[in-house]
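Let's take a friendly walk through some side-chain contacts. Have the sequence and the 3D view open as you read.

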Amino acid sequence: MMLFAPIGWADNQAPMSVLEVLQLAAKNSPQLSASLLNELAAQKSVDIARAPYFPSAGVGAIDSTGFPGSSSNLNIGGLMESPYRSGFSAGLVAQQTIWDFGRTSHNVAAAQYQTQFEHANTKVNEYQVKALALKVYYACSDYKTQEHIWTQLSHESALITQQAINFVNTGQVSIVDKYLAQTETQEAYTAQAFFKQRIQDSTKTLAIIMGVPETSFSCPMLPHTTVGLPNFNTNMHDNPMVSRAADSIQIAEEQLKSEKAQFYPKIVADASLGSMQNTHFVDKQSYAVGIGVVIPIVDVASSEGIKRDEILVSKHRQELYAEQQRVAEQNATYDETIKAFTIRLSQLKTELNLANMAYITAKNRYFSMQGNLIDLRDAYRNLVQVQSDIIDTRVQILQASGEKALFNGADL
């Protein structure tokens, strides 16, 4: 019969699950709140980019004296800027772009892709927040499990120490056995106190990450199974870092198209309605309507802007390739870790059976005066090492499995 069975849940209270920890970490993260506000701002930028689709209107007034027409460059527009009027004038001015050959549509598309970029950026920040919470959560579970194991081990060591003292009192063994046994028991108490403190520290850190009181939850021990998270069937194309890099290309391409559109004509309509005090050379009218066509011929700024945007498109494409490579490499690292430690865990289970048998045998032999304390001490320490290796291996598997899911965009 095994003295130490595989590690399982032992809390009487229902401990907080990993999914609850991740959700609370994301919900109460100031970093994610700021990212969501960036998303809202980006959505408003789409409405701003659509503004040229709608007319602009304003009310203006002017009063002038002296030489007629000399005050027509005040950017008031409409009837009020006519060189044929003088004195006081007021009215309504409206302007509408009829067709700009893609300037506005490409700006709108760029703003929409910018919104997608900000959403992907939020997902990247969410991954970072949850990855930290996951790491601290499993560290806390690691310490909780280690503390539980050392509680069992200290109890076993105390029994051995008591038996060694009995043998020393009856003169059956040297007093050295007493000190060796007491040292081993003290080591177990020291380890138990160490991990108890680590539980408190990691619980405090996890509470800060989740934004909840540290007395409102407890960390569980590691589960029997090695699967910490469900299989979400994610792949690198769902990775928010790849999505963000792809959105950067779309933004740059739309900005390039908008810059090229600066060389196309633009058709604009202008209308105004108002009154004026006096007119010269022409009859007074209360309205004015016009349609104009602007045809660019030379625009050095736009020419250089096109060259710049072409470079930026190439740059963002290279960044996408680099991001895809990095994501593939990271996924390969996660897979390597999961596979290697899964094999290790399988072998450690066999080691645990042997370590239990060795310890039970050495203990029975020492208690019946057939063996010595050195053999029992070696068997005890071997059992301790195997137990510690199993815990560390499970943490590695759970950590890698959870991080891989988060890294590839799993919505937890």
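Which residues form one aromatic cluster with Phe-407? The cluster is made up of Tyr-127, Tyr-334 and Phe-407. Please keep in mind that this is a predicted model.

## The aromatic cluster

By the rule used for ring pairs, the count comes to nine aromatic pairs. In one of them, the ring centres of Tyr-127 and Phe-407 are 5.6 Å apart with planes at 70°, so this pair is edge-to-face. It links distant parts of the chain, since Tyr-127 sits in helix H3 and Phe-407 in helix H7 (residues 373-407), 280 residues apart. Tyr-127 is buried, at 15% relative accessible area, and Phe-407 is buried too, at 2%.

Tyr-334 also pairs with Phe-407: the planes of the two rings meet at 70° and their centres are 5.9 Å apart, so this pair is edge-to-face as well. Because Tyr-334 belongs to helix H6 and Phe-407 to helix H7, the pair ties together parts 73 residues apart in sequence. With 7% relative accessibility, Tyr-334 counts as buried.

## A charge over a ring

Another ring to look at is that of Phe-367. Lys-363 lies over the face of Phe-367, and the distance to the ring centre is 5.8 Å.

## Salt bridges

How many salt bridges does the rule find? The count comes to 15. A good one to start with joins Glu-126 and Lys-130, whose closest N and O atoms are 2.7 Å apart. Both residues lie in helix H3, four residues apart, or about one turn of the helix. Are these two partners buried or exposed? Glu-126 has a relative accessible area of 13% and Lys-130 one of 2%. Because buried means under 20%, both residues count as buried.

In helix H6 (residues 300-367), Glu-304 and Lys-307 are three residues apart, which means about one helical turn separates them. Their side chains meet in a salt bridge, at 3.6 Å from N to O. Glu-304 is partly exposed at 44% relative accessible area, and Lys-307 is partly exposed at 48%.

Next come Arg-308 and Asp-309, whose side chains form a salt bridge with an N to O distance of 3.0 Å. Here Asp-309 is buried, with a relative accessible area of 4%, whereas Arg-308 is partly exposed at 46%. Elsewhere, salt bridges that share partners join Glu-184, Glu-187, Arg-377 and Arg-381 into one network.

## A closer look at Ser-154

Where does Ser-154 sit? Its place is in helix H3 (residues 103-169). Ser-154 has 5% relative accessibility, so it counts as buried. A polar atom of the Ser-154 side chain lies 2.8 Å from the backbone oxygen of Thr-151.

Which residues does Ser-154 touch once its neighbours within four places in sequence are left aside? Its contacts are then Thr-185, Ala-188, Tyr-189, Gln-192 and Tyr-380.

## Back to helix H3

To bring the threads together, helix H3 is a handy place to finish. Ser-154 is found there, as are the salt-bridge partners Glu-126 and Lys-130. Tyr-127, from the aromatic cluster, is in helix H3 too.

Definitions and conventions: Residues numbered from 1 in each chain as written. Predicted model: local features only at pLDDT ≥ 70, side-chain atom pairs only at ≥ 80, totals over all residues. Heavy atoms only, no water. Helix = DSSP H or I, 4+ residues; strand = E, 2+ residues; numbered from the N terminus. Buried < 20%, exposed > 50% of the residue type's maximum accessible area, 1.4 Å probe, protein only. Polar contact = N/O pair within 3.5 Å; in protein donor to acceptor, adjacent residues only side chain to side chain. Contact = heavy atoms within 4.5 Å. Salt bridge = Lys/Arg side-chain N within 4 Å of Asp/Glu carboxyl O. Phe/Tyr/Trp six-rings, centres within 6.5 Å; stacked < 30°, edge-to-face > 60°. Lys NZ or Arg CZ within 6 Å of the ring centre and 35° of its normal.
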